[in-house]
Amino acid sequence: MEIEFILDGQVVHCPEGFTVIGALFHLGRRVVRMTSGTAAPRSLFCGMGVCCDCLMQINERTSARACMTLVQPGMRVVSARGATATAY
Amino acid sequence: MNHSSIVIIGGGPAGMSAAIAAAKQGLSCTIVDEGFALGGQIYRKPTNPERAPIPHPRGEQLRTEIAKLTQYIEIRNGHSAWGIFDGLRVAVTSPDEHTELLQSQALILAPGAHELVPPFPGWTLPGVMTPGAAQSLIKTMGVAPGKRVMLAGTGPFLLAVACQLIDAGVHVVSVLEASSRPAWLRLPLHGFRTPEILVEGFLYLNKLHQSGVPVRYGRIVVSAQGESELNAVQHAPVNAEWFPDNNCIETERVDTLLVGYGFVPRNQLAQMAECKLEFCPEVGGWIPIRDRNLSTSVAGIFAAGDGAGVTGSLAAAHEGKLAGISAAFFLGAVDEATFTAARDSIEQKLSRLMPLRRALDKISTLQPGLMSLVRDDTLVCRCEEVTWGEAREAVCAGSTTYRSLKITSRAGMGACQGRFCWPFLSRLVAAEEKCSVTDIGPPSVRPPLGPITLGSLAPESLKN
């Protein structure tokens with residue numbers, strides 16, 4: 001069964017039981033955010049909630065770890081876009 | 001406040017085994033674990049079983065045993081333990097952002113370890129990740145980390161992950177092992193008491209050979225290249241101290257690089273509980289000092305598994321069992337004769353594993369050449385984007401403690417709280433101060449140990 005959620009304003013789908021990071025990789029998108037300092041791209045790094053490289057805004061929650069969050073129907077996932085970002 | 005006789009932090013092989021052992025003595029336990037299901041990193045349970053490969057039978061067996069003991073064992077998955085207060089009270093936040101202080105009579109710390117990655121040019125590029133990160137995608141959802149994958153670092157874990165990638169249909173280009181081939185060929189001399197582990201290693205090598213994946217010994221990755229994502233890796237042969245020969249660099253086009261040089265025990269809760277720590281580089285760094293019963297220096301706090309010194313999943317399960325029965329003995333739920341008999345039996349099983357483990361530790365001992373890869377513009381602190389040049393300048397100007405380096409350069413101030421930068425920055429500081437890493441100390445810890453919201457701390461009456 002596919003789950004529908006919203007990634008940076010776009011309606012997208014992933015299989016059920018996927019983490020947010022898994023869904024992004026499944027969709028062919030590996031860049032998770034741009035850093036607040038130099039707007040450099042980041043992605044999955046440690047995969048176990050320690051490094052905090054995959055922080056995203058998930059629903060109202062800022063700095064949520066994409067590797068530790070399962071996609072839920074209708075979830076709104078927003079990636080930080082560099083120096084002006086508020087999601088970090 | 002919730003009361004359980006024993007609170008166990010971590011639901012991997014150590015934490016699960018501890019819970020089973022304690023529950024069998026009739027004690028109530030609570031397992032606090034950040035994962036979606038029990039298993040830890042090694043025995044991750046698929047979140048999408050249709051796509052993921054069949055989970056490891058040892059993990060399934062532990063989960064089955066736990067399921068039979070649910071009248072004693074409370075499982076809290078998705079919960080973060082982020083602080084220890086007033087002795088044995090653990091602050092825990094649930095996935096729906098409720099925070100509780102768990103009170104226990106005994107605490108078992110089994111938090112596991114995270115991977116060790118040295119800074120090198122390009123290591124922050126998307127596509128560069130730990131072998132464990134790639135494994136997490138495959139094991140839980142059957143998602144590939146990329147299309148053309150190279151693995152680099154040291155230790156048998158690289159071989160295991162390479163085989164899992166092959167099974168998942170991913171193109172593995174090569175495995176680079178930093179240490180030399182002769183060192184690996186001598187392993188059977190140390191592993192004759194554990195032939196089943198040697199066989200496992202041989203099967204990995206055989207699978208890689210059959211799949212045409214070369215394992216190249218004595219080579220390390222010196223840089224990763226790409227614009228918005230990784231597209232190439234440079235690697236070079238190394239000498240005995242892992243200094244690369246820059247005249248022999250090879251460039252390989254890959255979109256994914258999995259790099260891991262071993263593991264770092266997650267010691268933060270032990271440190272916060274003021275357990276005495278010691279520096280043991282051969283098992284990953286700073287670990288809580290433990291007695292024969294796996295008790296830390298703080299009465300009532302026990303530590304087991306990779307979080308108390310990296311010795312692998314088999315040893316972790318034995319240690320967990322010992323910690324569980326030790327905690328039961330500490331609480332008076334088991335008599336001394338039964339306890340010592342159980343301990344002796346577990347110690348025998350552990351000692352059987354140790355010769356091979358120690359030999360592997362020796363092969364994978366970090367060598368100084370690994371520290372030579374950074375350039376002035378290489379980030380050492382991924383979180384705060386602090387370069388090697390900036391960190392070194394701060395150290396040279398006198399910032400030679402974790403605290404002062406953090407204040408002057410911001411290195412270690414970010415969300416990971418120094419977990420990824422400090423293993424290397426502490427060596428830099430030690431080199432500058434001409435002292436040992438032991439004198440430098442672990443990063444200071446303070447709650448919260450992970451990102452939590454202010455809202456999760458608010459009393460229910462303030463929430464709408």
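At what angle do helix α9 and helix α10 of chain B pack, and how far apart are their axes? I put this to the predicted model as the opening entry.

**Entry 1: α9 and α10 of chain B**

I looked up the two helices, α9(B) at residues 313–330 and α10(B) at residues 336–363, and found a packing angle of about 160° with the axes 10 Å apart. An angle over 145 degrees counts as roughly antiparallel; α9(B) and α10(B) are therefore roughly antiparallel to each other. I recorded the crossing of α9(B) past α10(B) as left-handed.

I then listed the residues in contact. From α9(B) come Leu314(B), Ala315(B), His318(B), Lys321(B), Leu322(B), Ile325(B) and Phe329(B). They meet Phe339(B), Ala342(B), Arg343(B), Ile346(B), Lys349(B), Leu350(B), Leu353(B) and Arg357(B) in α10(B). By class, this contact comprises 10 nonpolar residues, one polar and four charged.

**Entry 2: α1 against α9**

I next examined helix α1(B), residues 13–23. Its axis and that of α9(B) come within 7 Å and cross at roughly 35°. I noted that α1(B) passes α9(B) in a right-handed crossing.

On the α1(B) side, the contact includes Pro13(B), Ala14(B), Gly15(B), Met16(B) and Ser17(B). On the α9(B) side, I found among others Ser313(B), Ala316(B), Ala317(B), Glu319(B) and Gly320(B). Lys321(B) and Ile325(B) of α9(B) are also among the residues that meet α1(B), and both appear in the contact with α10(B). The class count for α1(B) with α9(B) is 14 nonpolar, five polar and two charged residues.

**Entry 3: strand β5 and its partners**

Why is β5(B) described as largely enclosed by the rest of the structure? Four of the five residues of this strand, residues 89–93, are buried, so the description follows.

I traced the pairing on each hairpin in turn. Strand β4(B), residues 80–85, is joined to β5(B) by five bridges, and the two run antiparallel. Within this pair, Gly83(B) stands opposite Ala91(B) of β5(B). The hairpin of β4(B) and β5(B) has three residues between the strands, and Asp86(B) in its turn has a positive phi of about 45°.

Four bridges join β5(B) to β6(B), residues 99–109, again in an antiparallel arrangement. I identified Glu100(B) in β6(B) as the bridge partner of Val92(B). This hairpin has five residues between its strands, with Glu97(B) in the turn at a positive phi of about 70°.

**Entry 4: the sheet β12-β13-β14**

In chain B I also looked up an open sheet of three strands in the order β12-β13-β14, with antiparallel pairing. β12(B), residues 219–226, and β14(B), residues 250–252, are the edge strands, each pairing on one side only. I noted an average twist of 25° from one strand to the next. Between β12(B) and β13(B), residues 230–237, I found seven bridges. One of the partnerships I checked is Val221(B) with His235(B) in β13(B).

**Entry 5: the chain interface**

How many residues of chain B are in contact with chain A? I found 32 residues of chain B in contact with 33 residues of chain A. On the chain B side, the elements that give two or more residues are β7(B), residues 113–115, and α3(B), residues 131–141. The largest share, five residues, comes from α3(B). I classed this side of chain B as 13 nonpolar, 12 polar and seven charged residues.

Terms used
Residues numbered from 1 in each chain as written. Chains lettered and ligands numbered in written order. Predicted model: local features only at pLDDT ≥ 70, side-chain atom pairs only at ≥ 80, totals over all residues. Contact = placed C-beta atoms within 7 Å. Nonpolar A, V, L, I, M, F, W, Y, C, P; charged D, E, K, R; others polar. Axes fitted to C-alpha atoms, helices over the stretch in contact; angles between N-to-C directions. Parallel < 35°, antiparallel > 145°, perpendicular 65-115°, else oblique. Left-handed = near helix turned anticlockwise from the far one by under 90°. Buried ≥ 20, exposed ≤ 12 C-beta atoms within 10 Å, placed from the backbone. Pairing = 2+ DSSP bridges.
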